[in-house]
Amino acid sequence: MTVSRAHPGRGASPRTARAINDRLALRLLQHEGPLTAGQLKELTGMSRPSVADLVERLQESGLIEVVGQAGAANRGPNARVYGIVAARAHVAGYDVRIESVGVEIADLLGRTVARARLPVAPDTPAARTIEDGIELLRGAAQEAGVAALHTVAFGAPGVIDPVTGRLGASHALPAWHGDLVDEVRKRFGVPVLLENEVNLAAVAEQRSRPDGDADTFVLLWLGGGVGAAVVLDGRLRRGISGGAGEIGFLPISRTGELPTAVDCDKGYHGMVGSRAVRALAREHGLAAAPASRPAVADDADAAAAAVRAALAAGDAGEGFLDELAERIALGAAAMCTVLDPGRVVLAGEVGQAGGADLAARVADRLARLSPLRTVVQSTAVESAPILRGAVITALDAAQDDLFAPQA
């Protein structure tokens with residue numbers, strides 16, 4: 001991640017200049033790791049007295065501390081190594097699905113200190129699920145020794161209304177999703193953010209790749225549900241109604257039927273969602289491995305297991321993988337034709353299971369469908385991308401608050 005040197009404007013007040021320098025120093029300590037005062041001077045372009053004042057301010061505020069010495073030969077003030085006080089604040093992320101709730105807690109440097117998951121049976125009463133979801137977070141915090149949280153961020157399927165910040169109503173999604181968000185906000189009394197779960201996976205993807213590979217891309221989520229996230233010029237694009245990337249509703253199907261405004265099963269979702277992937281595996285004589293939990297309507301784990309089984313089957317799995325790649329390429333081509341992102345990332349349980357092999361097959365099919373040059377890659381996030389994106393989102397908000405100029 002690139003961090004610019006400090007260049008306060010000529011008209012900036014001393015207080016504003018200090019705030020700019022403080023934020024820059026904290027960002028450097030966050031991304032470069034512990035630094036000496038001399039290294040901060042070199043990286044920021046500030047004078048030695050200014051750096052000394054900055055270090056003193058940040059220590060007094062409890063944001064940084066001495067974490068070591070740069071070397072035995074140099075015992076002056078510059079030999080002290082300063083680092084961010086990671087335990088100064090903790091944040092949490094939620095991954096809310098139809099069949100599960102997951103939480104992750106991280107410190108101010110984004111390091112995971114606790115992670116937990118709760119399966120949700122289809123017949124579980126909504127009130128029970130909400131209580132269990134709250135206890136999941138409370139128990140994870142207690143286990144990690146975290147007394148208080150600064151910010152919580154949720155990832156949930158569906159469209160987030162950009163005006164109200166709430167989940168839009170959908171017959172396909174449980175109402176308790178939005179209620180859980182409200183209850184966490186009320187009971188914990190901290191800022192609570194809400195974002196579409198595929199968008200959060202794209203946030204995690206963006207932070208996991210080199211700067212040049214993260215500026216513009218489309219993340220195609222292939223799991224129980226199907227969706228896309230759009231990152232253009234380094235910014236996540238949500239659309240006017242918050243529905244950018246609802247690719248499951250693309251009017252593409254094997255039967256010629258069309259989706260409706262409330263049902264995407266006859267659209268692109270019906271071609272590459274988990275049920276479609278498992279059905280395709282059966283058509284090709286592949287036994288889909290059982291899920292790791294009780295079956296639900298859209299079992300992403302079982303679909304991913306079918307993809308892994310096909311990869312392990314050698315020639316016997318070729319037909320299945322080729323047809324799956326053909327289907328995925330149709331949706332990717334639609335996104336690329338409109339946006340020309342130059343890069344498509346395959347994520348979700350199925351995309352991750354397919355890895356580089358499936359990505360290469362999709363790239364080959366996409367090149368036949370579109371004249372636009374597009375790189376297709378498997379996700380760079382090894383596990384729990386939605387949770388990781390939620391934590392990053394909460395962490396950014398917490399840092400914006402804690403790194404703000406002091407009154």
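Which residue forms a salt bridge with Lys266? The partner is Glu257, and the closest N and O atoms of the two are 3.5 Å apart. The legends below describe a predicted model.

**View 1. The salt bridge of Lys266 and Glu257.** Lys266 has a relative accessibility of 41% and therefore counts as partly exposed. Glu257 has a relative accessibility of 38%, so Glu257 is partly exposed as well. Neither passes the threshold for an exposed residue, because that class requires over 50%.

**View 2. Arg97 and its salt bridges to Asp95 and Glu349.** The side chain of Arg97 meets that of Asp95 at 2.9 Å, N to O. Arg97 and Asp95 are both buried. A salt bridge also joins the side chains of Arg97 and Glu349, with an N to O distance of 3.2 Å. This pair links distant parts of the chain, 252 residues apart. Glu349 belongs to helix H12 (residues 348-369), whereas Arg97 sits in the loop between strand E4 (90-96) and strand E5 (100-107). Like Arg97, Glu349 is buried.

**View 3. A network of salt bridges that includes Glu318 and Arg368.** The acidic members are Glu318, Asp322, Glu326, Asp357 and Asp364. They are linked with Arg361, Arg365 and Arg368. Over the model as a whole, the count of salt bridges comes to 30. Side chains of opposite charge can pair when their charged atoms come close.

**View 4. The largest nonpolar core, with 44 residues.** Leu40, Leu63, Ile64, Leu108 and Leu219 have the most contacts inside this core. Helix H13 (residues 385-402) gives the most to the core, contributing eight residues. Apart from this core lies another, of 38 residues, which includes Ala303, Leu324, Val344 and Val376. In soluble globular proteins, nonpolar side chains tend to be buried together.

**View 5. The surroundings of Leu40.** With neighbours within four places in sequence left aside, Leu40 is in contact with Ala25, Leu28, Leu29, Leu35, Gly45, Val51 and Val55. Leu40 is also one of the residues with the most contacts inside the largest nonpolar core.

**View 6. Residues 24-69, listed by UniProt as "domain: HTH marR-type".** The listing comes from an unreviewed UniProt entry. Over residues 24-69 the chain is 65% helix and 17% strand. The C-alpha atoms at the two ends of this stretch are 22 Å apart.

Note on methods. Residues are numbered from 1 along each chain as its sequence is written. This is a predicted model: local features need pLDDT of at least 70, side-chain atom pairs count only at pLDDT 80 or more; totals for chains, interfaces and linings use all residues. Side-chain values use heavy atoms; hydrogens and water are left out. UniProt positions are given in the numbering used here, feature names are shortened, and annotations may be inferred rather than shown by experiment. Helices (H or I, at least four residues) and strands (E, at least two) are DSSP runs, numbered from the N terminus. A nonpolar core is a set of buried Ala, Val, Leu, Ile, Met, Phe, Trp, Tyr and Cys residues joined through side-chain atoms within 4.5 Å. Buried means under 20% relative accessible area, exposed over 50%, partly exposed in between (1.4 Å probe, protein chains only). Contact means heavy atoms within 4.5 Å. A salt bridge is a side-chain nitrogen of Lys or Arg within 4 Å of a carboxyl oxygen of Asp or Glu.
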